[in-house]
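Trainee: I would like to learn how to read the surroundings of a ligand and the charged pairs in a model. Could you take me through them step by step?

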Amino acid sequence: MTIADSGASDSSRYLHIKAAVERVNAQIQEACQRAQRAPSEVCLLAVSKTKPVSDIEHAYRAGQRHFGENYVQEGVEKITTLAHLPEVTWHFIGPLQSNKTKEVASHFDWMHSIDRLKIARRLDEQRPVGLPPLQVLIQINIDDEASKAGIRLDALTEFAAQLSAFEHLTLRGVMAIPKAYASEAEQCASFSRLASAFHQLQGSYPSVDTLSLGMSGDLEPAIAHGSTMVRIGTAIFGQRKG
Ligand SMILES: *Cc1c(COP(=O)(O)O)cnc(C)c1O
């Protein structure tokens with residue numbers, strides 16, 4: 001491949017990602033209109049896991065500022081490589097083992113998948129002095145799936161009270177990864193349960209303003225149920241390998 005070729009394919013990749021970011025933002029706008037909500041209430045988080053740094057740069061150039069990563073090492077490498085880009089907010093959205101909390105505490109702005117006190121305590125202790133508190137979401141296992149991370153809804157009140165005591169963490173809300181529902185009614189029941197728990201939490205904690213719900217396949221019902229942050233990978237960057 002010549003340099004000219006690689007330049008051409010780079011610019012077509014940029015145009016592709018730019019169009020996708022615009023398409024997803026339009027979808028968010030439409031979903032907000034249908035739900036009679038202001039589009040400014042919903043933040044688009046671009047999930048860039050497994051995708052190259054150049055894809056993130058393209059999305060950034062297209063105006064995207066929030067990025068989500070699932071794997072600690074990969075995420076930290078990308079954050080370090082892209083440290084020169086102003087105003088990027090990095091979200092850790094994957095499962096986290098306690099031996100990797102320091103990396104997340106040191107590099108990320110948000111953490112979506114807290115479901116154990118031990119992890120929270122370590123993140124609090126390891127958040128470097130000089131950085132603002134880590135913005136955290138409690139992951140909820142809304143469908144009580146044995147295979148899935150997250151706390152049960154009935155444990156939310158107590159867990160939130162424990163998290164809110166940490167000085168270097170700010171509790172911002174809740175996050176869920178729903179299952180594949182058999183029907184719209186089932187999805188609606190699950191999303192409604194989560195939304196009402198979120199509203200209840202908001203009543204108790206002024207810092208709580210974020211319901212992280214909705215991916216490429218369920219953005220619209222998530223927004224209809226009050227999501228304030230949609231995590232979109234495939235619809236922006238295309239299918240992931242493997
Ligand atoms: C991968 C991932 C996403 C993005 O999913 P898409 O279907 O590609 O939009 C969102 N949230 C979490 C937690 C993920 O792991």
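Mentor: We will go through the ligand site and then a salt bridge, keeping in mind that this is a predicted model.

Trainee: Which residues are around the ligand?

Mentor: The residues around the ligand include Val-47, Asn-70, Ile-93, Ile-177, Met-215 and Thr-234, and by class the shell is made up of 5 nonpolar, 4 polar and 3 charged residues.

Trainee: Which side chains have a polar atom 2.8 Å from an atom of the ligand?

Mentor: A polar contact is a pair of N or O atoms within 3.5 Å. In this model, a side-chain N or O atom of Arg-231 lies 2.8 Å from a nitrogen atom of the ligand, while one of Arg-240 lies 2.8 Å from an oxygen atom of the ligand. Lys-49 also has a polar side-chain atom, 2.7 Å from an oxygen atom of the ligand.

Trainee: How much of the ligand does the protein bury?

Mentor: Taken alone, the ligand exposes 380 Å², and the protein buries 88% of that; the ligand sits in the largest pocket.

Trainee: How many salt bridges does the structure hold?

Mentor: A salt bridge needs a side-chain nitrogen of Lys or Arg within 4 Å of a carboxyl oxygen of Asp or Glu, and the structure holds 13 salt bridges. One of them joins the side chains of Arg-34 and Glu-30, at 3.8 Å from N to O, and both residues lie in helix α1 (residues 3–34), 4 residues apart, about one turn of the helix.

Notes
Residues numbered from 1 in each chain as written. Predicted model: local features only at pLDDT ≥ 70, side-chain atom pairs only at ≥ 80, totals over all residues. Heavy atoms only, no water. Near = heavy atom within 4 Å. Polar contact = N/O pair within 3.5 Å; in protein donor to acceptor, adjacent residues only side chain to side chain. Areas by Shrake-Rupley, 256 points an atom, 1.4 Å probe, with all protein chains shown as cover. 1 Å grid on protein atoms, 1.4 Å probe; cavity = no way out; pocket = protein on both sides within 12 Å on 5 of 7 lines; lining within 4 Å. Sits in = over half its atoms within 2 Å of the grid points. Nonpolar A, V, L, I, M, F, W, Y, C, P; charged D, E, K, R; others polar. Helix = DSSP H or I, 4+ residues; strand = E, 2+ residues; numbered from the N terminus.
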